[in-house]
Amino acid sequence: MNELFAAMYESLFGVYNANYLEIFTTLFDFGGYLRLGFLFIGLPLLFWLLFYYLWKYPYGRFLHWLVWLLASAVTVLVATWLVADHAIFDSGNQALADALGDAESGYKAYAEELPMRYALINAGLSLAVGFMASLVMKQFSRIQMHLPF
Amino acid sequence: MAQKLYIFGIGGTGSRVIKALTMLFAAGCRLENGFDTVVPVIIDPDTGNGDLSRTKDILRLYQQVRNQVDHPDDFFGQEVKTIHELADHSAGINPDFFQFRLNGVDGNSFRKYIGFEELGDNPEAGEDDRNFIRLLWSEANLDADISVGFKGNPHMGSVVLNQFTSSDDFIRFGQTFSPGDAIFIINSIFGGTGAAGFPLLLKNLRGNSEIPHRVHVKDAPIGGITYLPYFALNRQDEINSESFEEKAKIALDYYNRTIIGQNRINALYLIGNRGNTNVIPYAVGGKEQKNNAHFLELAGALAVLDFCKNRDLHGVSGGKAVNGTRVKEYGIENETETITFGDLNLDDVKKLSGPLTKYRLFTGYLEKGLPRALGVSRWTRSNIRLVPLSNNSVLDRSYFSSVEYNLQVKAFNALFDEWIREMGENKPSFIPFREMTADTALNLVRNSAPKGNLSFRALDVWNCRLIARDDLRAPVGMKHSTLIRLFGLSTEKVLTKKELIIR
């Protein structure tokens with residue numbers, strides 16, 4: 001999974017720069033990609049589980065579904081930013097810490113952009129995952145089966 | 001074995017008790033001991049009587065709704081048929097078939113009906129006969145229009161009603177009667193039609209040799225409820241309510257000698273309200289006679305349930321009750337002018353609380369809760385995509401705007417609510433429910449204080465949960481099946497959770 005997520009972020013979304021290899025090595029070696037991947041999958045699943053199976057509101061409309069979708073995306077965005085920031089700046093990898101501490105290396109300036117890039121990517125992915133999850137979950141929901149349509 | 005209960009409702013009181021019983025059946029009450037079909041028969045010469053018309057309407061609507069429910073086992077569970085339907089094996093609904101037709105009463109005076117002017121073979125003998133007749137009936141009696149009933153004169157009614165045993169309807173009744181069937185008679189003792197009709201009918205059931213299947217009819221269990229005065233009139237005229245009590249005493253004495261004393265009936269229920277303060281507008285009959293529903297009519301309906309429940313005690317041999325006539329009086333636990341469930345005997349509460357509360361919640365929901373859910377809640381949506389077709393509901397906007405829904409279910413429910421409201425406005429009032437609003441719907445039972453969310457939301461949640469059940473799917477032609485069966489289940493779930501049903 002770690003490789004899959006790494007390939008996705010680095011190759012598919014192009015969040016990679018060989019000049020700052022230590023960052024991406026750290027994310028790969030210390031499970032950062034895995035955590036980021038689980039965020040855009042796990043959080044939407046949790047959100048839609050709540051929506052379809054625990055939310056006992058019989059008057060749900062499309063607007064409710066849309067708000068829920070956006071809420072899950074925002075949550076993923078914030079959570080991803082926090083996780084990515086922690087994974088980079090508090091990684092426990094001394095080599096990366098040294099690089100970040102070296103003002104002339106440019107690591108810090110580059111690294112500071114990364115959490116938001118991951119956050120935006122994950123938020124977008126969560127929309128897609130959430131939409132697909134809702135199509136599956138609505139089949140088994142007894143109260144919100146009619147949402148999104 | 002399938003058994004039928006024939007219920008003869010005589011006069012206005014008979015109609016009103018049959019109405020109350022029909023409401024209980026709609027709410028889910030059932031007869032015990034295998035009585036799967038009820039055959040109401042209204043005997044009333046006053047065809048235009050408001051009470052009669054309303055009861056026939058209610059019976060018609062009941063049948064129309066029930067006929068479109070697949071295997072109803074809660075709301076509308078009890079089958080109700082006319083003698084015509086049984087005799088002709090037809091499914092056509094005609095409310096007039098609930099009424100026994102009396103010949104020669106339309107627009108006739110009593111004088112004309114008995115052939116007063118044609119009496120005697122010659123003028124002299126004829127005058128003697130007429131004078132004899134004058135000893136029995138006053139000029140006012142003779143001139144009375146009998147098409148509006150007998151205006152509190154049973155001695156007129158006993159003559160006119162004696163003919164119904166030779167009618168086609170009575171023959172059909174005999175033809176459809178089977179071993180195991182039973183009969184229940186409802187009458188009031190203080191009026192004209194009911195007081196006269198009850199002994200006559202009983203006499204014919206126990207001894208008329210012309211009736212088909214007379215052996216079965218003669219030895220059938222027969223119960224009856226006799227109403228003692230429970231209302232007064234706001235003015236005294238041809239009908240004088242001040243004489244009700246005296247008439248009741250005289251008639252009771254007669255019943256005691258001829259019916260109870262001779263064990264002609266298995267169970268006789270007596271019900272009334274002595275010292276009642278219930279004054280209703282004066283009406284001799286016709287469409288003006290449309291009395292508000294009264295709690296005692298509901299109690300009378302309970303007598304029918306009780307009679308069937310105790311079927312095993314009602315053996316008959318040679319036209320006589322082998323265990324003698326059981327006489328029962330009705331009473332409530334607390335003497336009060338505003339009766340609620342808590343004032344009733346526990347057995348009665350157990351019978352009434354669940355069905356009435358469930359049906360009241362059902363009618364209240366359709367009136368005040370449905371607008372919020374319609375087209376929004378999953379159980380009202382027929383256009384849900386990417387799910388199996390069976391998950392779409394038939395109870396969508398087109399159902400709730402259909403002619404059948406509006407002219408049958410909605411019309412019946414309006415009459416149910418009217419019935420409940422009228423009982424609450426009468427004296428003593430039966431007022432088990434609070435006014436219902438969308439936000440406090442589950443706070444509907446008086447003297448109870450459920451906690452939590454009291455809106456219709458829980459009902460909508462249960463409707464959503466239940467709507468896709470296989471057994472709620474409506475077969476073709478059973479248009480009301482899903483609605484009636486769904487709410488039978490969902491109201492039960494919601495009210496049980498809130499502990500609003502006394503069991």
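**Exercise 1.** How many salt bridges does the rule find across the interface of chain B and chain A?

*Solution.* The model is predicted. Step one: apply the cut-off, a side-chain nitrogen of Lys or Arg within 4 Å of a carboxyl oxygen of Asp or Glu. Step two: count across the interface of chain B and chain A; the result is zero. Step three: turn to polar contacts. Eight residue pairs are in polar contact between chain B and chain A, with both residues at pLDDT 80 or more.

**Exercise 2.** Describe the side of chain B that touches chain A.

*Solution.* Start with the residue counts: chain B gives 18 residues to the contact and chain A gives 15. Next, the area. About 1,700 Å² is buried between the two chains, and carbon and sulfur atoms give 61% of that. On the chain B side, Val376(B), Arg378(B) and Arg465(B) lose the most area to chain A; together they account for 32% of what that side buries. Now the helices. α13 (346-373) and α16 (457-466) of chain B each supply at least two residues. The largest share, five residues, comes from α16(B). Last, sort by type: nine residues are nonpolar, two polar and seven charged.

**Exercise 3.** Which side chain of opposite charge is nearest to Lys498(B)?

*Solution.* First locate Lys498(B): it lies in the segment after α17 (481-497) of chain B. The nearest side chain of opposite charge is Glu499(B), 10 Å away. Lys498(B) is buried and has no salt bridge. Then look for polar partners. A polar atom of the Lys498(B) side chain lies 3.4 Å from the backbone oxygen of Asn453(B). Beyond its neighbours within four places in sequence, Lys498(B) contacts Leu442(B), Pro450(B), Lys451(B), Gly452(B) and Asn453(B).

Conventions. Residues numbered from 1 in each chain as written. Chains lettered and ligands numbered in written order. Predicted model: local features only at pLDDT ≥ 70, side-chain atom pairs only at ≥ 80, totals over all residues. Heavy atoms only, no water. Helix = DSSP H or I, 4+ residues; strand = E, 2+ residues; numbered from the N terminus. Buried < 20%, exposed > 50% of the residue type's maximum accessible area, 1.4 Å probe, protein only. Lys, Arg positive; Asp, Glu negative; His and termini not counted. Polar contact = N/O pair within 3.5 Å; in protein donor to acceptor, adjacent residues only side chain to side chain. Contact = heavy atoms within 4.5 Å. Buried area = accessible area lost by both parts, 1.4 Å probe. Nonpolar A, V, L, I, M, F, W, Y, C, P; charged D, E, K, R; others polar.
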